[in-house]
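Q: Hi! I'm new to this one and would love a walk through it. Could you show me what we're looking at?

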Amino acid sequence: MSSKAPAHADAALDREAWTHLRCAETEDHRGAAIVSLDQPSPPESWRWAGPSWHEFASNPGASKIVEVVVGARDPAAMARRWSEVLGTEAPVDDRIAISAGALRFVRAPVDVIVECRLEGSASAPVASTICGTRFRVSKA
């Protein structure tokens with residue numbers, strides 16, 4: 001993985017690469033720690049979930065992150081900064097295209113992940129809120 005921001009830690013193991021960005025490098029950092037961007041290869045080898053995480057995965061229905069909606073006090077500024085950090089094309093309408101998905105930034109009183117939209121094999125749309133973040137799974 002590469003980014004235009006200096007990383008706190010940037011490493012590669014035999015089957016995993018990751019970058020840890022210091023919160024001050026991404027945007028206003030009140031209340032934040034780090035952002036970790038992990039890329040296991042193959043994806044099911046994600047070591048940070050522990051050796052037996054597959055035993056506890058009860059629903060393989062969600063297969064792809066389609067969009068992450070980030071609330072921000074200044075969505076345009078945060079979208080520009082994340083675009084720089086991630087090394088992507090400039091945001092359009094406060095939205096950054098990433099692979100087959102996107103980061104979308106919306107106005108909010110605090111900087112927070114508002115929603116995560118996923119696609120998968122769900123026969124009907126499923127939604128749940130966990131720790132204030134809305135997760136929605138729809139059929140691919």
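A: Happy to. One term to settle before we start: a residue is called buried when its relative accessible area is under 20%, exposed when over 50%, and partly exposed in between. Also keep in mind that this is a predicted model.

Q: Got it. Is E67 buried or exposed, then?

A: E67 has 7% relative accessibility, and because that is under 20%, E67 counts as buried.

Q: And which residue does E67 form a salt bridge with?

A: That would be R95, with the closest N and O atoms 4.0 Å apart. E67 is in strand 4 and R95 in strand 5, so the pair links distant parts of the chain, 28 residues apart.

Q: Hmm, what about R95, is that one buried or exposed?

A: R95 falls in between: it is partly exposed, at 38% relative accessible area. E67 and R95 also belong to a network of salt bridges that includes R104 and R117.

Q: How many salt bridges are there in the whole structure?

A: A search finds seven. One of them is between the side chains of K64 and E119, at 3.6 Å from N to O. K64 sits in strand 4 and E119 in strand 7, with their positions 55 residues apart in the chain.

Q: Why do such side chains pair up?

A: Side chains of opposite charge can pair when their charged atoms come close.

Q: Are K64 and E119 buried or exposed?

A: Neither, as K64 is partly exposed at 36% relative accessible area, and E119 is partly exposed at 21%. They also face each other in the sheet, where K64 stands opposite E119. E119 has a counterpart in strand 9 too, namely S138.

Q: Speaking of the sheet, what order do the strands come in?

A: There are six strands in an open sheet, ordered 5-6-4-7-9-8, with mixed pairing. Strand 5 (95–98) and strand 8 (126–130) are at the edges with a single partner strand each, so one side of each has no neighbour in the sheet. On average, neighbouring strands are turned by 20 degrees against each other, ignoring direction.

Q: Which of those pairs run parallel or antiparallel?

A: Strand 4 and strand 7 (residues 112–120) run antiparallel, joined by eight bridges. Strand 7 and strand 9 run parallel, with six bridges. Strand 8 and strand 9 (residues 133–139) are antiparallel again, over five bridges. Within that last pairing, S128 has F135 as its bridge partner.

Q: Changing topic: where does helix 2 lie?

A: Helix 2 (residues 75–86) lies across strand 4 (62–72), strand 5 and strand 6 (101–107), at about 150 degrees to strand 6.

Q: Which residue does R73 form a salt bridge with?

A: D111, with the closest N and O atoms 2.9 Å apart. R73 is in the loop between strand 4 and helix 2, while D111 is in the loop between strand 6 and strand 7, so the pair ties together parts 38 residues apart in sequence.

Q: Let's go back to strand 4. Is G71 buried or exposed?

A: G71 is in strand 4 and counts as buried, at 0% relative accessibility. Leaving aside neighbours within four places in sequence, its contacts include V106, D111 and V114.

Q: One last residue: what does T133 touch?

A: Not counting residues up to four places away, T133 touches I113, V114, E115, C116 and S128. A polar atom of the T133 side chain lies 3.0 Å from the backbone oxygen of I113. T133 is in strand 9 and is buried, at 13% relative accessible area.

Note on methods
Residues are numbered from 1 along each chain as its sequence is written. This is a predicted model: local features need pLDDT of at least 70, side-chain atom pairs count only at pLDDT 80 or more; totals for chains, interfaces and linings use all residues. Side-chain values use heavy atoms; hydrogens and water are left out. Two strands pair if DSSP finds at least two bridges between them. Helices (H or I, at least four residues) and strands (E, at least two) are DSSP runs, numbered from the N terminus. Axes are lines fitted to C-alpha atoms, for helices over the stretch in contact, and angles run from 0 to 180 degrees between N-to-C directions. Contact means heavy atoms within 4.5 Å. Buried means under 20% relative accessible area, exposed over 50%, partly exposed in between (1.4 Å probe, protein chains only). A polar contact is a pair of N or O atoms within 3.5 Å; within protein, one must be able to donate a hydrogen and the other to accept it, and residues adjacent in sequence count only if both atoms are side-chain atoms.
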